[in-house]
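Here are some exercises to work through with a structure in front of you. Try each task before you read its solution.

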Amino acid sequence: ITQDIKNALEKTNLKSQDIKYYLIHQANKRILETAQSFLNESWDKFPTNLQSLGNTSAASIPILLDELNRSGRLQKGDLILLSAFGGGLTAGVAVIEWSY
């Protein structure tokens with residue numbers, strides 16, 4: 001996922017510091033720590049619910065996004081990077097701008 005994140009940032013002409021939150025598929029903490037270390041960003045930019053919900057599979061990013069929204073941690077104009085992967089060779093990254 002680190003290469004996918006790097007590619008997405010390059011293609012959007014963004015720096016890691018431009019992203020408010022990195023929502024990474026919540027498969028395990030090691031993956032989240034690797035992404036955080038690779039980007040050399042604060043752990044605060046990598047919200048997690050893994051400790052309370054475990055691996056919720058394909059629902060992990062939507063659940064996390066909803067939790068951030070409901071808790072008031074998202075503001076209009078925030079840039080959020082979503083990164084997910086699955087079995088086999090499936091992976092995807094999206095950068096979204098929060099508009100609410």
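Which residue follows H2, and what is the sign of its phi? Asn40 comes after H2, and its phi is positive, near 55 degrees. Helices (H or I, at least four residues) and strands (E, at least two) are DSSP runs, numbered from the N terminus.

Before going on, note that this is a predicted model, in which local features need pLDDT of at least 70, side-chain atom pairs count only at pLDDT 80 or more, and totals for chains, interfaces and linings use all residues. Residues are numbered from 1 along each chain as its sequence is written, and side-chain values use heavy atoms, with hydrogens and water left out.

**Exercise 1. Find the buried and the exposed side of H2.**

Step 1: Recall the cut-offs: buried means under 20% relative accessible area, exposed over 50%, and partly exposed in between (1.4 Å probe, protein chains only).

Step 2: Look along H2, residues 29–39, and pick out Ile31, Leu32, Ala35 and Leu39, which are buried. They sit on the same side of H2, because they cover an arc of only 100 degrees around the axis (taken from the directions from the helix axis to the C-beta atoms).

Step 3: Turn to the other side of H2, where Arg30 and Ser37 are exposed.

Step 4: Remember the helix rule: an α-helix has 3.6 residues a turn, so residues three or four places apart point the same way.

**Exercise 2. Work out what H2 gives to the largest nonpolar core.**

Step 1: Such a core is a set of buried Ala, Val, Leu, Ile, Met, Phe, Trp, Tyr and Cys residues joined through side-chain atoms within 4.5 Å.

Step 2: The largest one has 11 residues, among them Ile5, Tyr22, Phe46 and Leu81. H1, S1 and H2 are the elements that give two or more residues to this core.

Step 3: H2 gives the most, with four residues.

**Exercise 3. Describe the aromatic cluster.**

Step 1: Rings of Phe, Tyr and Trp (its six-membered ring) pair if their centres lie within 6.5 Å; planes under 30 degrees apart count as stacked, over 60 as edge-to-face and the rest as tilted.

Step 2: The whole structure holds three aromatic pairs. The ring centres of Tyr22 and Phe46 are 4.9 Å apart and their planes are at 10 degrees, so this pair is stacked.

Step 3: Trp43 and Phe46 are also stacked, at 6.2 Å centre to centre with 20 degrees between the planes.

Step 4: Together, Tyr22, Trp43 and Phe46 form one aromatic cluster. Tyr22 is buried at 0%, whereas Trp43 is partly exposed at 32%.
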